[in-house]
Amino acid sequence: MFEISNAVNTTTNLDEMYQLIHFSLLRIIDVKNFFIALYNKKKDIISFPYYVDEVDQVEDFIDDIIISDDSPSLTSEVIKARKPILFKKDELLKRFNEGNVVGSSSMAWLGVPLMMNNEVIGVMTTQSYTNPDLFDDSDIEILDSVSDQIALAIERKRAEDALKESEAINKILFSIANAVNTTFNLDELFKTIHHILGEIIDVTNFYIALYDEKKDMISFPFDTDQIDNDIDIIENASKSTSLTSKLIQTERPLLISKKEVLDHTGKYYKEFTGTPSELWLGVPLKVKGKTIGAMVAQSYSDPERYNQKDMEVLLSVSEQIAIAIERKQTEEALKESEEINQVLFKISNAVNTTRNLDELYASIHKSLGRIIDVTNFYIALYDQRTDSATFPYYVDEIDKEIVPSIKNISNPDNPSTTASVITSGKPVLSKKNERLERLKKLKKNAYGTPSMVWLGTPLKIKGEVIGVMAAQSHTNPDLYNQKDVEIFSSVSDQVALAIERKRTNEALIESVDQYRRAKEDLEESYQNISIISSIGRKITSTINIQEVIKKIYESVNSLMDVDVLGIALYDQKIDRIQYKYLIENAIAVNIDHLTVNSSDSLEADCIHDKKAIMINDVKKEVDHYHHYLTMLKVLSGMPLSIFCLPLFVEERTIGVFMVQSYKANSYTQYHIDMLMAMGGYIAGALENSIKHSEVNRLNNLLTVEKKELEEANLKIKDLIGKAHEAGMADIAAETIHNIGNILNSVQTSGSIILDIVKKSSVLKLKQAGDLLRQNIDNLEDFVLYDRKGKKLFRYYLEIEKLMDDENSQILKNTNRLVKKSNSIAKVIETLQEYIGVVIVEECRLDKIIEDTLLLHQNALNEHHIKIETDFQGKPAISTQKIKLISILTNLINISKNSMIMGDNSTRKMGISVSENSGSAFIRISDTGLGITKETKKLIFNQDFSFKKGSQNINLHNSANTMAEIGGKIRVESKGKNKGSTFVLQFPLNN
């Protein structure tokens with residue numbers, strides 16, 4: 001009794017005291033198998049803090065036991081009885097056989113209640129598995145006599161531990177609350193919290209997660225781990241099944257072992273990020289009842305590192321930690337907001353305090369340095385018209401120069417991260433390995449030296465991206481995080497606005513200068529316009545291509561020295577530049593369709609940049625234009641002065657116009673201006689002439705196609721007759737229907753083309769040309785004063801669009817006509833293959849199926865039925881092809897009609913070929929009405945009918961035909977509205 005009473009003072013915790021009580025009792029009674037159970041009256045449960053047993057391990061079968069009337073626990077009976085109970089062998093065996101004992105059955109069991117203030121606080125129990133007479137009334141008296149002292153000792157020790165724990169927790173709470181004022185930022189606060197928690201619980205592997213409800217995202221601002229270095233941000237957190245997401249969504253603490261995680265994957269989550277730990281303990285962080293995140297500790301080595309008490313300890317400090325974090329977040333957000341507002345003001349004011357754009361860029365760079373590391377920084381500006389980006393401002397520690405521009409920004413394969421920001425319109429934060437992986441997939445090289453981390457945000461004006469602002473680090477991969485993305489984005493609109501305002505100001509100043517210069521050049525321009533107008537009328541007065549080229553040469557040669565004149569046409573679809581016309585010294589040169597390099601030539605630069613190119617002296621500028629002319633191979637001399645002009649029709653580049661002189665510096669600005677003014681006339685005249693030729697070609701093609709269709713129609717009639725004679729009535733009917741639909745489409749396309757040709761603007765263009773030639777001598781008066789002349793001039797301005805629309809319609813319908821004609825030819829060819837004498841021959845099943853599907857192609861497409869084929873091998877059988885196609889035709893029609901009449905919106909027909917155990921199989925499945933079990937038994941009977949006029953006779957005939965050619969047929973279905981499958985079985989050839 002003295003030892004037990006003194007145990008409160010001589011032990012450091014409850015576990016030591018339970019051991020001391022056990023050792024003390026061993027002196028007076030056999031307590032080899034012994035446990036102490038504690039009763040929580042509020043929760044009405046029993047826990048087992050001390051348990052020593054020869055047979056059972058408490059953790060293998062005992063959780064906290066709930067007291068109830070039907071509880072099988074002997075301990076609960078002692079609690080309810082409030083007095084000692086001794087159970088003997090017979091009673092224990094009876095209870096064990098009835099399943100009313102927790103754990104293994106013993107021979108003798110003695111339990112004594114632990115009472116405090118007339119309330120049961122627990123039970124002290126000993127038992128024997130070998131001696132049924134080990135305990136008697138004297139043992140009951142012994143245990144009962146010491147039970148009050150033991151209960152008192154336990155209660156005092158629990159109160160002492162609770163007081164120590166409360167003091168420790170209060171100290172922790174004070175330290176955490178004080179940390180808000182003593183730490184400089186959130187990172188320091190997280191480290192301080194981690195250090196403080198280490199005094200009461202093992203936080204070797206520990207992280208803090210924060211939940212952003214608006215973004216539905218979980219971030220991990222603090223993480224220290226022995227195995228996993230980084231935790232990825234969880235987006236769509238409310239739909240995520242990770243442990244952290246589960247904890248935040250349920251707002252309940254979670255203590256879970258690795259075994260539980262792996263055994264109950266479906267219950268807890270479907271994905272696991274990182275390395276599974278042996279034990280995972282997490283509690284929610286709440287402020288005013290709202291969960292703002294989670295706090296998690298885990299162990300990779302000890303599955304018993306944490307328990308329920310550790311969870312309670314973490315819960316007791318979690319609210320104070322949550323409050324500290326939120327206060328620090330608010331404090332940092334306020335500081336950040338003030339700093340950002342100052343930066344925004346400086347950037348806005350820089351528009352007025354800087355003299356030009358270069359000074360503005362430098363001022364923006366300096367201002368941004370107050371809120372984010374911009375040691376390596378650049379601004380890129382995007383030109384939507386050319387789909388390219390330039391870099392007017394660039395500062396970098398390693399790459400002192402950057403590429404002048406990035407082209408083809410909208411191309412998905414563009415390797416530039418800057419291009420990704422422009423096309424997506426969203427900020428990007430990427431690590432080096434991510435960008436290198438993308439470059440590897442694209443098989444492209446990086447622009448400049450790949451940085452360890454790259455941060456870029458779009459610059460937008462009224463929702464339109466005008467450029468990109470980017471910062472990067474070559475040394476620290478963790479320099480930027482998601483918060484830096486938000487800071488960068490928060491100032492991007494003001495940066496974009498400042499740049500746009502400065503550009504507008506500079507453009508306005510330039511505009512004033514241009515206006516002044518324009519006024520001075522007005523008289524000269526007026527004279528030039530008169531000349532150009534006259535030349536334009538001359539060039540566009542004919543639609544004959546040879547006449548157009550001749551008049552272009554004459555007109556240009558009258559204004560300047562032209563030794564060589566060339567015109568090349570550009571095909572954008574295949575990116576090819578081809579010279580069509582070349583004149584040297586007034587003589588046409590035979591160039592045999594000279595093709596120019598579309599990526600490395602003067603002409604290509606002119607077309608892709610959509611800018612004219614002027615070379616004053618080839619010898620001096622050869623380093624820049626070493627690839628300047630492919631067509632020099634066919635010229636007699638070396639041109640020294642070259643002017644290359646892109647030709648546009650409605651902003652579409654159709655080619656280039658080239659003039660050259662054997663003398664250097666032959667062309668002045670006046671010549672260049674005149675040629676550029678003539679460019680529109682030259683492009684329009686070429687376009688009209690080319691379209692006129694194309695209309696004539698298509699008209700001739702239509703005549704040929706019409707004749708071929710008439711011949712095909714005669715062939716079809718003959719083949720249909722032969723098909724009937726060959727016993728192919730079903731196939732013939734299907735073919736007639738298929739070809740009839742194709743012919744309707746062909747007739748429609750032909751009628752459209754014919755109507756366009758009859759009403760073509762080309763006919764009116766010829767009339768306009770005749771009217772122009774009639775008034776050629778008084779052309780100026782005719783155009784300016786005559787009513788018809790004024791209309792004629794407007795007509796020339798409109799004719800281009802009309803002809804372009806006509807050409808588009810003709811091309812569309814001609815392509816359709818050719819495609820449908822080819823379809824008819826293919827059906828005829830297939831039908832011809834099967835018309836003949838009915839014989840048994842070896843044939844491949846996949847070939848027979850493909851030919852049958854061709855005959856049904858139009859009908860299946862008409863009803864939007866998707867065909868999926870699966871040919872596992874290509875087995876061959878000996879059979880009558882005609883009869884097999886007849887069977888397949890019947891089954892395909894039945895499946896098609898079943899899907900048309902069904903409710904399933906997905907119409908899918910699957911056809912497969914396979915072989916197994918000496919047989920070949922064809923399976924035709926559908927998603928149609930399906931077949932019931934009763935119907936499956938009768939479906940091939942001659943007198944069976946779904947309804948009047950249905951396909952039952954064809955199914956009976958198909959079964960007979962299959963038997964005739966040595967095969968079998970059956971049908972499979974899971975029931976009504978679940979589709980069906982017809983299975984054809986054939987013996988394989990030996």
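Modeller: Happy to walk you through this predicted model. One term to begin with: a nonpolar core is a set of buried Ala, Val, Leu, Ile, Met, Phe, Trp, Tyr and Cys residues joined through side-chain atoms within 4.5 Å.

Colleague: Thanks! In the largest nonpolar core, which residues touch the most other members?

Modeller: That core has 34 residues. In general, nonpolar side chains of soluble globular proteins tend to be buried together. Here the members touching the most others are I922, L984 and F986.

Colleague: And which element gives the most to this core?

Modeller: At least two residues each come from α24, α25, β29, β30, α27, β31 and β32. With eight residues, the element giving the most is α25.

Colleague: Setting aside neighbours within four places in sequence, what is I922 in contact with?

Modeller: I922 belongs to the core just described. Its contacts include L845, I849 and L888, as well as I911, S912 and V913. The rest of the list is F982, V983, L984 and F986.

Colleague: Which strands are at the edges of the five-stranded open sheet?

Modeller: The order of the strands is β27-β29-β30-β32-β31, with mixed pairing. From one strand to the next, the twist averages 15°. An edge strand pairs on one side only, and that describes β27 (866-871) and β31.

Colleague: Staying with β27 and β29, how many bridges join them?

Modeller: These two strands run parallel. One residue to look for is T869, which stands opposite I911 in β29. The number of bridges joining β27 to β29 is six.

Colleague: Now for the cysteines: how many disulfides does the model have?

Modeller: A disulfide needs two cysteine sulfur atoms within 2.5 Å. For C606, the nearest cysteine sulfur is that of C644, 3.6 Å away, and C606 is in no disulfide. Across the model, the count of disulfides is zero.

Colleague: Is C606 buried or exposed?

Modeller: Buried means under 20% relative accessible area. C606 has a relative accessible area of 0%, so this cysteine is buried.

Colleague: How about H474, buried or exposed?

Modeller: H474 sits in the loop between β18 (464-473) and α15 (482-520). Leaving aside neighbours within four places in sequence, its contacts include N376, D396 and I398. Because its relative accessibility is 13%, H474 counts as buried.

Colleague: Last one: what span does helix α17 reach from its first C-alpha to its last?

Modeller: Helix α17 covers residues 545-557, which is 13 residues. Among its buried residues are I545, V548 and Y553. At 1.5 Å a residue the expected span is 18 Å, and the helix comes close to that, reaching 18 Å.

Methods: Residues numbered from 1 in each chain as written. Predicted model: local features only at pLDDT ≥ 70, side-chain atom pairs only at ≥ 80, totals over all residues. Heavy atoms only, no water. Helix = DSSP H or I, 4+ residues; strand = E, 2+ residues; numbered from the N terminus. Expected span 1.5 Å × (residues − 1). Buried < 20%, exposed > 50% of the residue type's maximum accessible area, 1.4 Å probe, protein only. Contact = heavy atoms within 4.5 Å. Pairing = 2+ DSSP bridges. Axes fitted to C-alpha atoms, helices over the stretch in contact; angles between N-to-C directions.
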